[in-house]
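Colleague: I am new to this and would like to understand the words you use. Could we go through them together?

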Amino acid sequence: MTKQRKQDADPGALVHLRRDIERLGVALSDGQWSSFCDQVQVVAFQRDAVLDQATDIAERWLFICDGVVASRQTHSDGETTIARFFEPGQMCANLTSAWKQIYAADDLIAMTEVKAVDIPDPLFRHELLDGDALGRYFRLKAMETLCFDKEVLSAKTRFDTEIRFQFLEQHYTSVLETVRQRDIAAFLGITPQGLSRFKRNRAS
């Protein structure tokens, strides 16, 4: 797993998480926030780094501060597909692996340089199930993530490249601006050449 850890808390990165907590209407005291920050750390990844592998059981949850992460599956024929992207402000994890403590079906890959808050699974699980203020935030965040996943699934099960591309335009602006065309094609379910043809036809 290729990654670079920052052992000291990064106030610039943590402020993104604090703002998201406030966005969802959750109030934390300074003491609660300080205690939480003592238990997490900010991590940075280079592009193409593997954040979590399908062959490992996930042990953490990541709040994305900067950059784009993808959930990518590699098939027996060597082809890859991207189930979804994660952008700043979204919570990212090999969900089934972390929650059920089993191996995942996908890898989490940094599509760009990425900075994230690394939340250990025991802390996340405790707060989600029993926590007060932070627990409320994680429960709201989980519901927000599930709702967005449903939108992604709805777009991807429509066999129309235009609809899937419109979904990217509406929800994944930074993906279109920063992610390589081959990876965008893997999300759309077409080849890079097919994506080039689609964009040419669309422009005309």
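Colleague: What makes aspartate 20 and lysine 141 a salt bridge?

Modeller: A salt bridge is a side-chain nitrogen of Lys or Arg within 4 Å of a carboxyl oxygen of Asp or Glu. In this predicted model, where local features need pLDDT of at least 70, side-chain atom pairs count only at pLDDT 80 or more, and totals for chains, interfaces and linings use all residues, the closest N and O atoms of aspartate 20 and lysine 141 are 2.8 Å apart, so the pair fits the definition. Residues are numbered from 1 along each chain as its sequence is written, and side-chain values use heavy atoms, with hydrogens and water left out.

Colleague: Which parts does this pair tie together?

Modeller: Aspartate 20 lies in helix 1 (residues 11-23) and lysine 141 in helix 5, so the bridge links parts that are 121 residues apart in sequence. Helices (H or I, at least four residues) and strands (E, at least two) are DSSP runs, numbered from the N terminus. In total, the structure holds 13 salt bridges.

Colleague: Why are helix 4 and helix 5 called roughly perpendicular?

Modeller: Their axes cross at roughly 95 degrees and come within 7 Å. Axes are lines fitted to C-alpha atoms, for helices over the stretch in contact, and angles run from 0 to 180 degrees between N-to-C directions. Angles under 35 degrees count as roughly parallel, over 145 as roughly antiparallel, 65 to 115 as roughly perpendicular and the rest as oblique. Helix 4 and helix 5 are therefore roughly perpendicular.

Colleague: Which residues make that contact?

Modeller: Among them are Phe124 and Leu128 of helix 4, and Leu134 and Phe138 of helix 5. Contact means heavy atoms within 4.5 Å.

Colleague: What about helix 6 and helix 9?

Modeller: Helix 6 (residues 161-171) and helix 9 (residues 192-203) pack at about 85 degrees, with axes 12 Å apart. They are therefore roughly perpendicular too. Phe165 in helix 6 is one of the residues there, and Phe198 in helix 9 is another.

Colleague: How do you know that strand 3 and strand 8 pair?

Modeller: Two strands pair if DSSP finds at least two bridges between them. Two bridges join strand 3 to strand 8 (residues 107-110), so the rule is met. Valine 50 stands opposite isoleucine 109 in strand 8.
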